[in-house]
Amino acid sequence: MKLNGTHQLLAYADDVNILRGSIYTLKGNSEALVAATREIGLKVSADKTKYMVMYRDQNAGRIHCVRIDNSTFESVEEFKYLGTTLTNQNSNAEEIRSRLKPGNVCYHSVQNLLSSRLLSRRLKIKIYRTVILPVILYGCEIWSLTLREERKLRVFENTVLMRIFGPLRDEVKGERRRWRNGELNDLYSSPNIVRVIKSRRMRWAGHVARMGEERGV
């Protein structure tokens with residue numbers, strides 16, 4: 001959406017996000033938005049409005065609050081926007097942790113189905129891909145993963161797959177043993193969770209690249 005002639009504002013229903021490179025231009029655009037909403041009988045809620053500076057330097061200076069039109073907006077280090085956790089260091093670590101938590105809840109709610117002998121492995125994998133995986137991958141198109149975060153995601157997926165494929169018995173020793181990652185990958189025969197994320201990121205990048213310049217992302 002355009003504000004003062006350029007694309008600076010993201011809006012979905014009543015959730016509005018103003019993006020600017022400095023506090024001065026941010027204040028100016030915020031004042032313009034407050035004035036525009038007042039003209040049509042709307043009001044910006046100071047309690048629900050937050051201010052955040054995104055930076056990579058942990059020692060960067062911080063502004064505790066912003067005051068606009070007699071309203072004070074609190075400065076925060078993280079907040080949720082449209083279900084996605086944004087942090088002041090532009091890190092995905094907290095977002096991935098927040099996605100794994102409901103993913104684990106979803107997994108435990110269906111683990112009896114995943115270990116049931118009445119269901120085929122094919123159906124169990126379908127339950128994982130259609131019920132559990134979407135909970136984890138919400139908003140993954142904007143993730144930039146580190147190796148540590150990739151390992152966390154793979155560990156979660158392997159836990160689910162071990163539940164699906166059941167216990168494994170060593171043919172030589174006749175004892176139960178854990179599945180190896182390679183064995184799970186061969187049995188799963190589908191792109192692992194990290195590859196799915198990278199594929200969705202590429203698809204989203206292509207979608208954005210095909211947009212006309214007259215459209216905002």
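**Exercise 1. Count the salt bridges in this predicted model, and say which residues form them.**

Step 1. Fix the rule. A salt bridge is a side-chain nitrogen of Lys or Arg within 4 Å of a carboxyl oxygen of Asp or Glu. Side chains of opposite charge can pair when their charged atoms come close.

Step 2. Know the ground rules. Residues are numbered from 1 along each chain as its sequence is written. The model is predicted, so local features need pLDDT of at least 70, side-chain atom pairs count only at pLDDT 80 or more, totals for chains, interfaces and linings use all residues, and side-chain values use heavy atoms, with hydrogens and water left out.

Step 3. Apply the rule. The count is 3 salt bridges.

Step 4. Name the pairs.
- Glutamate 94 pairs with arginine 97, with 2.8 Å between the closest N and O atoms.
- Glutamate 150 pairs with lysine 198, at 3.6 Å between the closest N and O atoms.
- Arginine 180 pairs with glutamate 183, at 3.4 Å from N to O.

**Exercise 2. Place the glutamate 94 and glutamate 150 pairs in the chain, and classify the exposure of each partner.**

Step 1. Set the terms. Helices (H or I, at least four residues) and strands (E, at least two) are DSSP runs, numbered from the N terminus. Buried means under 20% relative accessible area, exposed over 50%, and partly exposed in between (1.4 Å probe, protein chains only).

Step 2. Take glutamate 94 and arginine 97. Both sit in helix α2, 3 residues apart, about one turn of the helix. Glutamate 94 has a relative accessible area of 26%, so it is partly exposed. Arginine 97 is at 42%, so it is partly exposed too.

Step 3. Take glutamate 150 and lysine 198. This pair links distant parts of the chain: glutamate 150 is in helix α4, lysine 198 is in helix α6, and 48 residues separate them. Glutamate 150 counts as buried because its relative accessibility is 17%. Lysine 198, at 40%, counts as partly exposed.

**Exercise 3. Classify arginine 180 and glutamate 183 as buried, partly exposed or exposed.**

Step 1. Read arginine 180. Its relative accessibility is 51%, so it counts as exposed.

Step 2. Read glutamate 183. Its value is 22%, so it counts as partly exposed.

**Exercise 4. How many disulfides are there, and are cysteine 106 and cysteine 140 buried or exposed?**

Step 1. Use the cut-off. A disulfide is a pair of cysteine sulfur atoms within 2.5 Å. The count is 0.

Step 2. Check burial. Cysteine 106 is buried, at 13% relative accessibility. Cysteine 140 is buried as well, at 0%.

**Exercise 5. Describe the nonpolar cores and the contacts of isoleucine 193.**

Step 1. Define the core. It is a set of buried Ala, Val, Leu, Ile, Met, Phe, Trp, Tyr and Cys residues joined through side-chain atoms within 4.5 Å.

Step 2. Find the largest. It has 30 residues, and Ile132, Leu153 and Ile193 have the most contacts inside it. Elements giving two or more residues to this core are α2 (93-114), α3 (121-136), α4 (147-165), α5 (181-188) and α6 (193-209).

Step 3. Find the other. A separate core has 9 residues, among them Ile18, Ile23, Tyr51 and Phe73.

Step 4. Focus on isoleucine 193. Contact means heavy atoms within 4.5 Å. Leaving aside neighbours within four places in sequence, isoleucine 193 is in contact with Tyr128, Leu133, Ile136, Leu137, Leu153, Arg154 and Glu157.

**Exercise 6. Which residues do threonine 85 and asparagine 158 touch, not counting residues up to four places away in sequence?**

Step 1. Locate threonine 85. It is found in strand β9. At 8% relative accessible area, it is buried.

Step 2. List its contacts beyond those places. Threonine 85 touches Glu78, Phe79, Lys80, Glu94, Glu95 and Ser98. One of these, Glu94, also forms a salt bridge with arginine 97.

Step 3. Turn to asparagine 158. It lies in helix α4. It is buried, at 7% relative accessibility. With the same places left out, it touches Asn181 and Leu184.

**Exercise 7. Summarise the fold in totals.**

Step 1. Count elements. The protein has 6 helices and 11 strands.

Step 2. Report burial. Of its 217 residues, 33% count as buried.

Step 3. Report range. Among contacts between residues at least 6 apart in sequence, 60% join residues at least 24 apart.
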